[in-house]
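Open the model in your viewer and keep the selection panel at hand. The stops below go one element at a time.

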Amino acid sequence: MPPDIVKFDAEGEKFLRSGVTSLLRDSAVLRHRCRPIGVALIVAVLAGGLTSCGNDENDQVSVRRVPQQYATIQAAVDEARPGDLVLISPGEYHEAVVVETDGIVLRGTDRNLVVLDGEDRLPNGVAVTADGVAVENLTVRRYQQNGVLFNGSTEADGSRDPDTAYGSGGNTLDGYRVSWVTAHNNGLYGVYAFASRGGLIERVYVSGHPDSGIYVGQCKPCDVVVRDSVAEYNAIGYYGTNASGGVYVIDSVFAHNRLGMTPNSQQAELLAPQVETVIAGNLVVDNAEAATPAIANGFFGGGIAIGGGTANTVLRNRVSGHSSYGIGVVRLGIYTPERNTIEGNVLEDNSLDLLYLPDPSIDHSAANCFAGNTFTTSLPEAIEALLPCPGSRTPVAAVVWGQPPPPAGIDYRDVPAPSARPSMPDAATAPWTSASPIPPAVDLASIRVPER
Amino acid sequence: MRSTRQWAAITLCALALAACGGDAAEPTERTLTSEESAMLANVLFQNVERGGASFQLAVQVGDGATINLQGEVDWSEHRGHAQVSTRNVEQGVREVFWSDDAVLEARDDLAPLLEQAGRPAVPWVVRDPEPVGRQLDQALALVTGLAAEQRDNPLLIEQEPGSAFLRNDTLRRVEVVVLRYGERAVYWLAADDGRLVRFESDNASQTRPVVFDVLEFDEITIDGPPVDQITDVADLGDLYTAALTT
């Protein structure tokens, strides 16, 4: 059970597991709390009889069923109050759902049979601009833009102060969760968190996106954990432009994309440069798949690319089968990488295992460091001796590296749909809770290099 | 408070815009809605989806120098064909075919030079594009460049400085919404389905030197002239350069 799923004690009092209790103190949107109605509620939950429970304001937190009570998901969402569960039964729903109410949980009863289908004409499957919203256990496909979007940049007030504002406005989205969701063949991203912080993206499967499967961008601090997820057959598996602070991408699989993972800095978004992402325990393999959609000005054949990022940690990943390089610490646009740590990774079957490629004007390590990796080839050669950890300013001669033009891609709509994925256990009856603005703690010491 | 002179200037600008394209131009600039930014995100992708179009392009490239094209563009294959009329620039070119890697010209100014040199007529000259050095080629690249294999990101469009809704308008009896993307690109999009009706771009002096009009969308296939009518520019020696300078 994930740590932010609610549990009930013997008296029927709902409580939250470690790390999330502070929400009750910190977050107004998450104040709903069941009254101690005892055994009756426990029996109701166990019997699949999710109905409602009280909150601090003496309102009722309700289960709103689609289509039994509401013909459309949007109708249920529009009626929902903070803390409510919108429970969706199997079917195809041709809707672009917009969620503007805090603390709602959208859940399908079957991940593979509850399908939001945009038919290549609707914008986003689920577009969230409210705090504390969770999306669980459903499939979202064929939208023109994104499968699931969390967007905190909704106040177009012209404010662009990166110290105080996220996006074009000051309205940052706090708290979001995506669990047991499949997103495929959408026109931009599968799961997209923009100008949002306090997130958990777990057990998602994303494929067939011409930009990236999972995108976290323009946030500082982001405070997001991406874990136990799979990204395949996208242009990029994980894309983290200007996603800084408290970003953990762990224990996931990035395979058969054009580029596996890339925390990076770009001028196209606010809050550059990107800093402080941890990439740990991931299986990053064979990201040199031509039968994928090609991102504009794209890259091909890379495992993990730190593109002009700062103070990132790439730790104990298995990286293999890449035609350009396994792990690259490289310049991107005007940004050159600094203070990144590449440690304890296992690299095999890559054309080049490790690469350090700063701006040509940089003749030193810029405190980037490589240590304890299992690898065969690097550029510069003997990279761990030249750029040891902890990082410091050591001289490094310029290297010459290039890659052939990327192969043509395929239309994102032509990427085969994925097979069925594991569904959330007991989705129709399991308790629910709003998304926490504080992601679960990550124990990096317990993360190991995954097996192939 | 605005002075009377300022109000007069604004009025004149509005009149000029109305004369250029619209029946009801109101100064209603505001930030984009998500629907409007999505229209901008889709428009160049839609051009590819629609295949191609017949078009007109008017470019002011300098003081008294203009290039006008009327033709067809295949956005999926990145090819075009146009009749060319110019003033004070590229005056020898009558007709062009082009792709990403070649420009074919029919030149009126080449025939007398060839005759003088005792060489047979050359209906078409093929050469590499020179998008940096030749303004004609910049215009051609702009036409085929109004296409994208991937949709743009509406969220980034919304926060791009300068992006704005300008007004609702009517152009060639089509209800349009006029949107600015960034500081210098203005799109006139059909209100009903978002298709491109007009594209304007600005230069640093904000004189709107580029106006591209879609006349009609269609599946366009562009076949060049017969191969036996095409001569490589390298085979003409100095005659081509001489034609450019006449």
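The tour starts at the interface, then visits a sheet in each chain and ends on a helix. Keep in mind that this is a predicted model.

**Stop 1: the interface.** Select chains A and B together. Here 16 residues of chain A are in contact with 12 residues of chain B. Colour the chain A side by class: 8 residues are nonpolar, 7 are polar and 1 is charged.

**Stop 2: the sheet of chain A.** Show the strands of chain A in the order β7-β10-β12-β14-β17-β20-β23-β26-β29-β32-β34. These 11 strands form an open sheet with parallel pairing. Go to the edges: β7 (97–99) and β34 (378–379) of chain A each have a single partner strand, so one side of each lacks a neighbour in the sheet. Now zoom in on β34(A) and β32 (354–357) of chain A, which pair in the parallel sense over 2 bridges. Pick A:L354; its bridge partner in β34(A) is A:S378.

**Stop 3: the sheet of chain B.** Switch to chain B, where 12 strands make an open sheet with mixed pairing. The order to follow is β7-β8-β9-β10-β11-β1-β2-β3-β4-β5-β6-β12. Its edge strands, β7 (164–171) and β12 (230–232) of chain B, pair on one side only. On average, neighbouring strands of this sheet are turned by 20° against each other, direction ignored. For an antiparallel pair, select β3 (79–87) and β4 (93–98) of chain B, joined over 4 bridges. One of the residues to pick is B:G80, whose bridge partner in β4(B) is B:W98.

**Stop 4: two helices on that sheet.** Add helix α2 (34–50) of chain B. It packs on the sheet, touching β7, β8, β9, β10 and β11 of chain B, with its direction at about 110° to that of β8(B). Then add helix α4 (135–145) of chain B, which lies across β1, β2, β3, β4, β5 and β11 of chain B. Helix α4(B) runs at about 35° to β2(B).

**Stop 5: along α2(B).** Measure from the first C-alpha to the last: the 17 residues reach 23 Å, close to the 24 Å expected at 1.5 Å a residue. Where does α2(B) kink? Centre on B:V43, where the kink is about 40°. Next, colour by burial: 12 of the 17 residues are buried, so α2(B) is largely enclosed by the rest of the structure. Among the buried residues are B:M39, B:L40, B:V43 and B:L44. Their cover includes α5 (154–159), β7, β8, β9 and β10 of chain B. Finish at B:G51, which follows α2(B) and has a positive phi, near 100°.

Key
Residues are numbered from 1 along each chain as its sequence is written. Chains are lettered from A and ligands numbered from 1 in the order in which they are written. This is a predicted model: local features need pLDDT of at least 70, side-chain atom pairs count only at pLDDT 80 or more; totals for chains, interfaces and linings use all residues. Two residues are in contact if their C-beta atoms, placed from the backbone, lie within 7 Å. Ala, Val, Leu, Ile, Met, Phe, Trp, Tyr, Cys and Pro count as nonpolar, Asp, Glu, Lys and Arg as charged, and the others, Gly among them, as polar. Two strands pair if DSSP finds at least two bridges between them. Axes are lines fitted to C-alpha atoms, for helices over the stretch in contact, and angles run from 0 to 180 degrees between N-to-C directions. The expected span of a helix is 1.5 Å times one less than its number of residues. The bend at a residue is the angle between axes fitted to the seven residues ending there and the seven starting there. A residue is buried if 20 or more other C-beta atoms lie within 10 Å of its own, exposed if 12 or fewer, and partly exposed in between; C-beta atoms are placed from the backbone.
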